[in-house]
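Visitor: I'd like a close look at just one part of this model, please. Pick a stretch and walk me through how it sits among the rest.

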Amino acid sequence: MITTLIRPRRNEQVIAQKATNDFLLFNLEDGNYYSLNEVGYRIWELCDGSRTVGQIVDLLAAEYEAPAETLKEDALALIQELRDGKLIVEAE
């Protein structure tokens, strides 16, 4: 279960690339592709192991001028999905 206190970090075995209208993530470990929109990719970028999920949500709220509560639910769901796909891990 993802909480706002964990510090997600991108898996080093994932390659990210910009496509026409979205961003693709390729997991070298299992060969799976994932597609993210602009906000999803920004979340991916912010998962560097130095920020908590709560801090990521606060940054997104400021960048996109959106309510943090609205972003929090979506960010938690995406980070859970990224973790389930082994695209991110929890930083030590």
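Guide: Let's take strand 3 and work outward from there to the parts around it. Keep in mind as we go that this is a predicted model.

Strand 3 covers residues 23-27, and its two faces have separate surroundings: Phe 23, Leu 25 and Asn 27 are on the covered face, while Leu 24 and Phe 26 are on the uncovered one. That every-other-residue pattern is what you'd look for, because side chains in a regular strand alternate between the two faces of the sheet.

Now for the sheet itself. It's an open one of three strands in the order 2-3-4, with antiparallel pairing. Strand 2 and strand 4 are the edge strands, each pairing on one side only. From one strand to the next the twist averages 20°.

On one side, strand 3 pairs with strand 2 (residues 14-18) in the antiparallel sense, over five bridges. You can read off the register: Ile 15 stands opposite Phe 26, and Ala 16 has Leu 25 as its bridge partner. The two strands make a hairpin, with four residues between them.

Strand 4 (residues 33-36) is the other partner, again antiparallel, this time over four bridges. Here Leu 24 stands opposite Ser 35. Strands 3 and 4 also form a hairpin, with five residues between the strands, and Gly 31 in that hairpin takes a positive phi near 80°.

Let's zoom in on the start of the strand. Phe 23 lies in strand 3, and it counts as buried because its relative accessibility is 14%, where the cut-off for buried is under 20%. Setting aside neighbours within four places in sequence, Phe 23 is in contact with Gln 17 and Lys 18, then with Tyr 34, Ser 35, Leu 36 and Asn 37, and also with Glu 38 and Tyr 41. One of those contacts, Tyr 34, is eleven residues away along the chain, yet the C-alpha atoms of Phe 23 and Tyr 34 are separated by 8.2 Å.

Next, follow Leu 25 off the covered face. Within the largest nonpolar core, which has 24 residues, Leu 25 is among those that touch the most other members, along with Leu 36, Ile 43, Trp 44, Val 53 and Leu 82. Strand 3, helix 1, helix 2 and helix 3 each supply at least two residues of this core. Helix 3 gives the largest share, six residues. For background, nonpolar side chains tend to be buried together in soluble globular proteins.

Trp 44 is a handy place to see how the sheet connects to other parts. Not counting neighbours within four places in sequence, Trp 44 is in contact with Val 14, Ala 16, Leu 25 and Leu 36, and also with Arg 10, Leu 87 and Ile 88.

Then there's helix 3, residues 68-84. Its 17 residues reach 24 Å from first C-alpha to last, close to the 24 Å expected at 1.5 Å a residue. The buried residues in helix 3 are Leu 71, Ala 75, Leu 76, Leu 78, Ile 79 and Leu 82. Look at the spacing with the usual helix geometry in mind: an α-helix has 3.6 residues a turn, so residues three or four places apart point the same way. Strand 3 is part of what covers those buried residues of helix 3, and the cover also includes strand 1 (8-10), strand 4, helix 1 (38-46), helix 2 (53-64) and strand 5 (88-90).

A couple of backbone details sit at the ends of this helix's neighbourhood. Glu 65, in the loop between helix 2 and helix 3, has a phi near 50°, which is positive in a residue other than glycine. Glu 65 counts as exposed because its relative accessibility is 74%. In the loop between helix 3 and strand 5 you'll find Lys 86, whose phi is near 60°, also a positive value in a non-glycine residue. Most residues other than glycine have a negative phi.

Lys 86 leads to one last stop, Asn 11, in the loop between strand 1 and strand 2. Leaving out residues up to four places away in sequence, Asn 11 touches Glu 29, Lys 86, Leu 87 and Ile 88. Asn 11 counts as buried because its relative accessibility is 11%. Its side chain reaches the backbone nitrogen of Gln 13 at 2.8 Å.

Note on methods. Residues numbered from 1 in each chain as written. Predicted model: local features only at pLDDT ≥ 70, side-chain atom pairs only at ≥ 80, totals over all residues. Heavy atoms only, no water. Buried < 20%, exposed > 50% of the residue type's maximum accessible area, 1.4 Å probe, protein only. Pairing = 2+ DSSP bridges. Axes fitted to C-alpha atoms, helices over the stretch in contact; angles between N-to-C directions. Expected span 1.5 Å × (residues − 1). Contact = heavy atoms within 4.5 Å. Core = buried A, V, L, I, M, F, W, Y, C linked by side-chain atoms within 4.5 Å. Polar contact = N/O pair within 3.5 Å; in protein donor to acceptor, adjacent residues only side chain to side chain.
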